[in-house]
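Colleague: Please put the model on screen, and we can go through one sheet and the helices that pack on it.

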Amino acid sequence: MEQSREHIDYKEAYQEQISINEKLTSKKQDLEFQLAQLKKLVFGSRHEKFVAANAQLAPTLFHIPPIAALLDHTPATIAYQKTNKQLRPNHPGRNSFPEHLRREERIIYPQGIDPAVAKKIGEDVTETLAYTPAELFVKKVIRPKYLDTATNSIYQALAPERSFERSNADTSLIAQIVVEKFVDHLPLDRQLKRFSRLGVTISDSTIGNWVTASAAFLKPLYEAHKKLVLASGYLHADETIIKVLDSDKKNATHHGYYWVYQCNANKLVLFDYRTGRGREGPQSILKEYKGYLQTDGYIVYEDFDKNPDIIVFNCMAHARRRFSEALTNDKLRAEHVLSEIQKLYAIERYITDNHLIGDDKLQYRKQHALPILKELGVWMQKAYRDVLPGSAIGKALFYSLSRWNKLSLYATTDFLHLDNNPVENSIRPVVIGRKNYLFAGSHAAAQRSAIFYSLLATCKNYQVNPIDWMQDVLTRIAGYPINKIQELLPQNWKPNQSE
């Protein structure tokens, strides 16, 4: 009996040790993965493009070897490579400067000859691009008064309408300040230093008041813009952090968020500031929205699955990103998934390059993308059973498997996108800007910034000069009929012809 008891104790201890070893192995892999990610963050490139380890110098887009150890059979590959690639022409020389630029001419005569009596037989002309520092100047409006001696009446022209009546700033200056901050990412304090170099001192409170007043003028335009975005029927959605000074704690900052919604078909971008990253933000602004909503899989958006008017689906780029991160954990499996996703992107490039639209685009996706998605979904289900759930590859597989129908939905339509990259591109100015100005001064300032980011991003998408648009709109909007306010939106804007 004693020997039997010892045998049972030994067996239990052995099983317990195996369990401990498995946990330690999983923990070790997780730590190695985190270390690799930190090294990549500090030293490596963040570019997500996948290139197979055994890629040739000039491979086709889908030159991918089969993975016999993991696949029951290898699906047929799709080979697509653009054939209209042009050879780089010989450099034609320096480009000439635009004709609209002012020319300052300087003629250098040779010594020892009188040009007035000599015969000119030719000349050499050299042009260089010069620069004069930005100029601050004063607009002086004079309205003389006249007395009609016959009627003893006094006549004087009406003062021009001014949006900033209690300010001595012209809209041209304020437009420049706003665009330099929200398009060129130049903080207000740096702009003040530049004005100081030009001999004009402006206080930080004054320039802040100008920006605040500008946002107030643009608020009705922002609301009209918001209605158009939310009526589009297909939105990309994402969010990004913005630090905001905390009024309750000196020198402390609060993490606020810009929730960004983009109607890519109409090239409209909407920034909505919220103090947090909870479900209250999207639930509030999308409470009457109807249509498709493409997201990164953040759990907050899953609440919309209960809304019959909203169809939520996900972004393939986010799924791909997780497998890119898992390469150091399970190279073989991660490379296979990345290769299959690469095929999906090549299909989209083919559609774009060959201008496929409507039913042609839909049929091409059904014929080429859907089989890949189906095979890959089945493969991931099998692979998930053979990996540790807590490992990087296990987490990547679980992320995709739990959303596979939402990741595949795009291929059943001719208008949905494979990924959420359009809205991520629109967020980049905020990411660059916060590196320069670090934080917003208050929650109200962050919401004002959302107004500028929304309208100026749309200017960019419609190739509208932001300074021309901002100056013209700030000049006219105070007296503009509210029922015609949409005429001033970037996509509808026409410069005032009366000036």
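The exchange below covers the sheet first and then the helices.

Modeller: This is a predicted model, in which local features need pLDDT of at least 70, side-chain atom pairs count only at pLDDT 80 or more, and totals for chains, interfaces and linings use all residues. Residues are numbered from 1 along each chain as its sequence is written, and side-chain values use heavy atoms, with hydrogens and water left out.

Colleague: What is the order of the strands in the open sheet?

Modeller: Helices (H or I, at least four residues) and strands (E, at least two) are DSSP runs numbered from the N terminus, and two strands pair if DSSP finds at least two bridges between them. The pairing in this five-stranded open sheet is mixed. β5 and β7 (310-314) are the edge strands, each pairing on one side only. The order is β5-β4-β3-β6-β7.

Colleague: Which residue in β4 is the bridge partner of Glu239?

Modeller: β3 and β4 are antiparallel and share 10 bridges. For Glu239, the partner in β4 is Trp259.

Colleague: How many bridges join β3 to β6?

Modeller: β3 and β6 (residues 291-295) run parallel. One pair across these strands is Tyr234 with Tyr292. The number of bridges joining β3 to β6 is three.

Colleague: Why is β3 described as largely enclosed?

Modeller: Buried means under 20% relative accessible area, exposed over 50%, and partly exposed in between (1.4 Å probe, protein chains only). β3 is largely enclosed by the rest of the structure because the buried residues number nine of its 12.

Colleague: Which residue of β7 is the bridge partner of Gln294?

Modeller: β6 and β7 run parallel and are joined by five bridges. The partner of Gln294 in β7 is Phe313.

Colleague: What angle does the direction of α11 make with that of β3?

Modeller: Contact means heavy atoms within 4.5 Å. Axes are lines fitted to C-alpha atoms, for helices over the stretch in contact, and angles run from 0 to 180 degrees between N-to-C directions. α11 packs on the sheet and touches β3, β4 and β5. Its angle with β3 is about 10°.

Colleague: Where in α11 does the kink lie?

Modeller: The bend at a residue is the angle between axes fitted to the seven residues ending there and the seven starting there. In α11 the kink is about 30° and comes shortly before the proline Pro429. Buried residues of α11 include Ser426, Ile427 and Val430. The kink lies at Ile427.
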